[in-house]
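Q: Could you take me through one part of this structure closely, please? I am new to it, so a friendly tour that ties this part to its surroundings would help.

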There are 2 protein chains.
Amino acid sequence: MDQVLALVREQGGRATASRRALLEILFDADGHMSAEDLATAVQSRVPEVHMSTVYRNLDDLEELGVVTHTHMGHGPSTYVLSPYAHAHFICKQCGATFEAPDALFAGLSRSVRAKMGFTIDPHHFAILGTCAACS
Amino acid sequence: MDQVLALVREQGGRATASRRALLEILFDADGHMSAEDLATAVQSRVPEVHMSTVYRNLDDLEELGVVTHTHMGHGPSTYVLSPYAHAHFICKQCGATFEAPDALFAGLSRSVRAKMGFTIDPHHFAILGTCAACS
DNA sequence: GCATAAATGCGAACTGGTCGCAATCGCAAA
DNA sequence: TTTGCGATTGCGACCAGTTCGCATTTATGC
């Protein structure tokens, strides 16, 4: 947390109330949150924080590598602290989401790099499919 | 084409001008097209076709399993005839998109099914990463 | 041909997100 | 501790992509 604020300042940024609140919430969160969830949570500590501020702060923090956003199926993007980012599987029938260990992607990663020179980032978009219960 | 129209009628649907035009374009297309591209193309044959009609027809055809839509990074979804669906890699630096042979996913597919009982559909969301040129 | 349910055109609405602008506020230097 | 300057904010308008309600039209089975 303090390290992040130091990093922010290092890049010419400032430790504003809304930014602190946002970070606190991200540190406390135990999972992905949408921008709207985050805005609501921030507003419970610092009322008057506008959605656009939340989006701007998230963008800034993402640029600093502190947070990462992920597209979970249809619906809004979700955000987490970068070290906690991981891939997701989403069932297209029931909508259940599953966290996917990076290890699963090692093989795909390797062969795509070998065959196409492409380095995949499996975190950014969820992968759709059908869960055990629904199939 | 005629088979598709037969299928449409079988399900209580109708072979309207806009639906025919849409299908012709999908059959002629050699790649993914956005709803807007499709609308423009349809309108060049049948003017007066509204965007919402295109969306509704695409939805109907998707329900029949005839077309499939894919989310290509940010930006609009794209549509193809289902048999031509495939996965995509998109470079987050330059935006280049690459078609991915299904074979690449065989391993991942197998291990995800084995470990989590989840059957992946790698077509629905593109996979982000960095292309050879950008890395 | 006719009835009737499916499909359409239209515009308004909705979601998720971005932008321009004037007012405010953090922070480093004096 | 004050001050200046640029970073940040709140606000509302705007945007893209898509969906919806509704009155009207139209394809089809009879």
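A: **Where the two chains meet**

In this model, 100% of the interface residues of chain A are interface residues in chain B as well, so the copies meet through the same surface. Contact here means that the C-beta atoms of two residues, placed from the backbone, lie within 7 Å. Residues are numbered from 1 along each chain as its sequence is written, while chains are lettered from A and ligands numbered from 1 in the order in which they are written. The model is predicted: local features need pLDDT of at least 70 and side-chain atom pairs pLDDT 80 or more, but totals for chains, interfaces and linings use all residues.

Turning chain A by 179°, with 0.0 Å of shift along the axis, superposes this chain on chain B with an RMSD of 0.1 Å (a least-squares fit on C-alpha atoms with pLDDT of at least 70 in both). The two copies are thus related as by a two-fold rotation axis.

Now look inside. The largest nonpolar core (buried Ala, Val, Leu, Ile, Met, Phe, Trp, Tyr and Cys joined through C-beta atoms within 7 Å) has 29 residues. A:Phe89, A:Ala126, A:Ile127 and B:Phe89 are the members that touch the most others. Chain A gives two or more residues from each of β4 (87-91), α5 (106-116) and β7 (127-130), and chain B does so from β4 (87-91) and α5 (106-116). These element names come from DSSP runs numbered from the N terminus: helices are H or I of at least four residues, strands E of at least two.

Let's pause at A:Ile127. Leaving out residues up to four places away in sequence, A:Ile127 touches A:Ala87, A:His88 and A:Phe89, along with B:Ile120, B:Pro122 and B:Phe125.

How does this fit into a whole chain? Chain A is built from five helices and seven strands, in the order α-α-β-α-α-β-β-β-β-α-β-β from the N terminus on. Its C-alpha atoms fill a box of roughly 45 × 35 × 20 Å along the principal axes. Of its 135 residues, 31% are buried (20 or more other C-beta atoms within 10 Å; exposed means 12 or fewer, partly exposed in between). Among the chain A contacts with a separation of 6 or more, 51% join residues 24 or more positions apart.

Both chains also take part in the surroundings of the DNA. Strand D is surrounded by 26 residues (C-beta within 6 Å), the closest being A:Gly13, A:Thr53, B:Ala15, B:Ser52 and B:Ser77. Two or more residues each come from α2 (17-28) and α4 (51-63) of chain A and from α3 (35-45) and α4 (51-63) of chain B. The top contributor is α4(A), with four residues.

Around strand C there are 25 residues, and A:Ala15, A:Ser52, A:Ser77, B:Gly13 and B:Thr53 are the closest. Here α4(B) supplies the largest share, four residues.

One last stop is the loop between α3 and α4. In chain A this loop holds A:Glu48, whose phi is near 80°, a positive value in a residue other than glycine. A:Glu48 is exposed, with 9 other C-beta atoms within 10 Å. In chain B the loop between α3 and α4 holds B:Glu48, with a positive phi near 75°. B:Glu48 is exposed too, having 8 other C-beta atoms within 10 Å.
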